[in-house]
Amino acid sequence: MTTPSSAYILGLGFHVPEKVLTNRDLERMVETSDEWITSRTGIRERHIAEVGTSSSDLALAAARKALDAAGILPSELTHIICPTLTPDSYTPSTACILEHKLGLNGAMAMDISAACSGFLYGLETARAILALHPDAVVLLATAEVLTSRTNWADRSTCVLFGDGAGAAVLASKPRGDKSVTVMDVLLRSDGALGDFLTIKGGGSARPYALGETVCEDFFIQMQGRDVFKHAVRSMESVSREVLERNGFGVEQVDVCITHQANLRIIEHVGKKLAIPEDKIFVNLDRYGNTSAASIPIALAEALQTGFVKAGDLVLLATFGGGFTWGSALLRF
């Protein structure tokens, strides 16, 4: 059994762009079909940011909703964490840009690069900050404009991704009876698996020369079968581990929310853990894979729709490029 939590989620919020790209739309863009996409991924549509919309723009909208839900003013924030793999720029960080858009200055602000595991990596970072600084108020805002790194000629990847943002406000003490207890977070990584899911082009290991044509490596590249295998195995293993070290059995989980990447992965993880389908929240069909924003979007929507209720034990599980993965336990 781990020590009692010193972190509470005071409010959640999410935002997705208005524009919707359906599978039927994709049929006119690339050689694919609605039936092929749906049967293999479970995705029917995704939200797409307009040209000129940045990750910080989406993060700002989600952050404002989370702040409103928490009853917290932006001026009360002491730390801003932005997990994203599609930052506005290399520097300044998306977190610093978001701080400015919130009308603030002087807060600690930083990005986290953990791909689709970003929210859980951010959650653990927030817990550490709150343990050191009990008076802190942390904004954890994940945001992705994945379409800015999507190769629309690659039918194996372009059907998967959407844009969106999810945010949470955290403190070391609860406020009211709607605060969510962050009971535990467990994180893992394995750099040897990094080549399974990459965006290498434009990095220091693969810089572009002035005037050079952007190549395919500028966009998301994935070895789907390998990702599938390791995603299922790693999420099952880390979920069992976090439950065991907190003295819970799988049967005590009220709701399971995994990274929304592929319905087959979600279903396989549920079956491996023996969690009934009616306890597993899925919104992948409407948003696609929004990377670091995936879990907070799902978490906020599950609460908003009543799928998650007061008193529920919620299990989170994620995986992402790196290779990174993790699990967390929340008590609503």
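## Two cis peptide bonds and a positive phi

Phe-323 sits in the loop that links strand S12 (313-320) to strand S13 (324-331). In this predicted model, the peptide bond between Gly-322 and Phe-323 is cis, with an omega of about -5°. Another cis peptide bond joins Thr-91 and Pro-92, and its omega is about 5°. Pro-92 belongs to the loop between S4 and helix H4 (94-101).

Most peptide bonds are trans, and most residues other than glycine have a negative phi. Ala-115 is not a glycine, yet its phi is positive, at about 55°. The loop that holds Ala-115 runs between S5 and H5.

## The annotated active site

Which residues does UniProt list for "active site"? The unreviewed entry gives Cys-116, His-259 and Asn-289. These residues span 174 residues in sequence, but no two of their C-alpha atoms are more than 8.8 Å apart, so they gather at one spot. Cys-116 is found in the loop between strand S5 (108-112) and H5; Ala-115, with its positive phi, is also placed in the loop between S5 and H5.

## Two domains

The protein chain is divided into domain 1, residues 7-176, and domain 2, residues 181-331. The C-alpha centres of these two domains are 14 Å apart.

UniProt, in an unreviewed entry, also marks domain features with bounds of their own. The feature "domain: Beta-ketoacyl-[acyl-carrier-protein] synthase III N-terminal" is placed at residues 110-191. That span is 18% helix and 35% strand, and its end C-alpha atoms lie 22 Å apart. The feature "domain: Beta-ketoacyl-[acyl-carrier-protein] synthase III C-terminal" is placed by the UniProt record (unreviewed entry) at residues 243-331. Here the chain is 34% helix and 22% strand, with 13 Å between the end C-alpha atoms.

## Where the domains meet

How many residues of domain 1 are in contact with domain 2? There are 47, and they contact 51 residues of domain 2. Between them the two domains bury about 4000 Å², and 65% of this area is on carbon and sulfur atoms.

Across the interface of domain 1 and domain 2, 21 residue pairs are in polar contact. On the side of domain 1 that touches domain 2, the elements that give two or more residues are strand S1 (8-15), helix H2 (34-41), strand S3 (45-47), helix H5 (118-132), strand S6 (137-144) and strand S7 (164-171). H5 provides the largest share of this side, seven residues. By residue type, the side of domain 1 that touches domain 2 has 23 nonpolar, 15 polar and nine charged residues.

## Salt bridges

Side chains of opposite charge can pair when their charged atoms come close. The whole structure contains 13 salt bridges. Between domain 1 and domain 2 the count is one. The side chains of Arg-127 and Asp-184 form a salt bridge, with a distance of 3.8 Å from N to O.

Glu-76 and Arg-175 also meet through their side chains in a salt bridge, at 3.6 Å from N to O. Why does this pair tie together parts that are 99 residues apart in sequence? Glu-76 lies in the loop between helix H3 (55-70) and strand S4 (79-83), while Arg-175 lies in the loop between S7 and strand S8 (180-189), so the salt bridge links these two loops.

Methods: Residues numbered from 1 in each chain as written. Predicted model: local features only at pLDDT ≥ 70, side-chain atom pairs only at ≥ 80, totals over all residues. Heavy atoms only, no water. Domains from an automatic or database assignment. Contact = heavy atoms within 4.5 Å. Buried area = accessible area lost by both parts, 1.4 Å probe. Salt bridge = Lys/Arg side-chain N within 4 Å of Asp/Glu carboxyl O. Polar contact = N/O pair within 3.5 Å; in protein donor to acceptor, adjacent residues only side chain to side chain. Helix = DSSP H or I, 4+ residues; strand = E, 2+ residues; numbered from the N terminus. Nonpolar A, V, L, I, M, F, W, Y, C, P; charged D, E, K, R; others polar. UniProt positions renumbered as here; feature names shortened; annotations may be inferred.
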